[in-house]
Amino acid sequence: MRALIWLIGIFALAVGVAMIAGVNDGYVLVVLSPWRAQISLNLFIVLLVAGVLLIHLALRVFTRTLALPSRVAQWRERRRREKADKALHGAINALFEGRFAQSLKSASTAYAATEGSSMAALVAARAAHALQDETRYREWLDHAAEQGKESEVARLMTEAELAIESRQFDVAASRLAQLREGGHKHIAMLRLEAQVALELGRWEELLHILRQLRKHKALTAEQAAPGLRRAHIERMRQLGADPVEVEAYWQAIPTEELQDRGLIEGVLPLMARVGCAKLARAQTERLLEERWDSGLARLYAYCADSVDAARACLYNAESWLERQPRDAGLLFALGQLCRRTELWGKAQSYLEASLGLEPAVETHLALAHLFDTLERREDAQRHYRAAAERVAGGGAA
């Protein structure tokens, strides 16, 4: 339909021009002494339009001819960029496919085609690192560094990540420190810092980083829990036998982190060693009331640092026994609490019941210590031997 409308319009215009030309009897007189030329106005208009068009066409041909060298140069530059982009795309694709030799070759081509691309240099560095070619890895990192500030962040992140893969954590820490000095602080960098802090034993730094990642929703509470647990346990171990520092550290732990049962299990023996386990008693009881945990119940005896505390813990544990009559961990804790309160018969009964449900080295040792206290040497030696055999059997397995 559109073509038909254009065709009708063109024919209408042609008819209009023909009608105007038919009634136009004007002429143009050109005098160039001693010559005179007279032509019709219609012919003059046609010649004028044709002349303008020819001059315009000639000028365009002339300017295009003059611009031909620059156009050829632009075409070559465009072809070079297309070749470089294709090579870089191939290098990245080969890197993700695990074809590291091909990736290194394509990245080298891309780098040469672009006369120094930081992206191509970093891809080549990753490929060389995957090939365990340390010499070329360093060469390509140097090429990336030659690009200056433009690629500095990407280069430092690459170096830090690959240093962690190679377990060169001091190198990774140095590169991450450079990034932090430059004011950079993003999720990927925090993840790398968390790995470095974990491996280098920087526990306070690890706690700070994991809390930041959790705050920014880069880690869920479940994902952050193992790292936080490890950091708390190791930090408390570093504090050694100073009960004041241990108590201060315990009081500073956020409430939500104390919901980690693994953390309580890990720190109870450490706190008991310095006489601070009573601080964790309320939290241990709260967690056991919320959801029963045999492993945590086994450690409940650590919460008693005196005979009076042992009696109070024994009262709570026996109330739990009504609901968990066949829990080996709870029976073990009851036996230990009875030992603390010198209820020798009940201690033996609970420990033997625990041993019957779940044979464990620590239960044999607890019975051996109990019989030593009661001067029943033969029974004590029997349990010592049983514990040693169980340890030896576990080692062989």
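Here is a short conversation about the predicted model shown above.

Visitor: What should I know about the numbering and the model?
Guide: Residues are numbered from 1 along each chain as its sequence is written, and side-chain values use heavy atoms, with hydrogens and water left out. This is a predicted model, in which local features need pLDDT of at least 70, side-chain atom pairs count only at pLDDT 80 or more, and totals for chains, interfaces and linings use all residues.

Visitor: Happy to start big: what is the radius of gyration of the protein?
Guide: The radius is taken over C-alpha atoms, and the globule rule is 2.2 Å times the number of residues to the power 0.38. Along its principal axes the C-alpha trace spans about 150 × 55 × 40 Å. A compact globule of 397 residues would come near 21 Å, but the protein has 43 Å.

Visitor: How many disulfides does the structure hold?
Guide: A disulfide is a pair of cysteine sulfur atoms within 2.5 Å. The count for this structure is zero. Cys303, for one, is in no disulfide, and its nearest cysteine sulfur, that of Cys313, is 5.8 Å away.

Visitor: Why is the sulfur of Cys338 too far for a bond?
Guide: Cys338 counts as buried, at 0% relative accessibility (buried means under 20% relative accessible area, exposed over 50%, partly exposed in between, with a 1.4 Å probe and protein chains only). The bond is ruled out because the closest cysteine sulfur, in Cys313, is at a distance of 12 Å.

Visitor: Which residues does Ser354 touch, leaving out those up to four places away in sequence?
Guide: Ser354 sits in helix 17, residues 344–357 (helices are DSSP runs of H or I with at least four residues, strands are runs of E with at least two, numbered from the N terminus). Ser354 is buried, with a relative accessible area of 0%. Contact means heavy atoms within 4.5 Å. The residues touched are Arg298, Ala328, Leu331, Phe332 and Thr363.

Visitor: Is Gln259 buried or partly exposed?
Guide: Gln259 lies in the loop between helix 11 (243–252) and helix 12 (261–273). Beyond its neighbours within four places in sequence, Gln259 is in contact with Gln283, Leu287 and Glu290. At 37% relative accessibility, Gln259 counts as partly exposed.

Visitor: And how far apart in space are Gln259 and Leu287?
Guide: In sequence, 28 residues separate Gln259 and Leu287. C-alpha to C-alpha, the distance between Gln259 and Leu287 is 7.4 Å.
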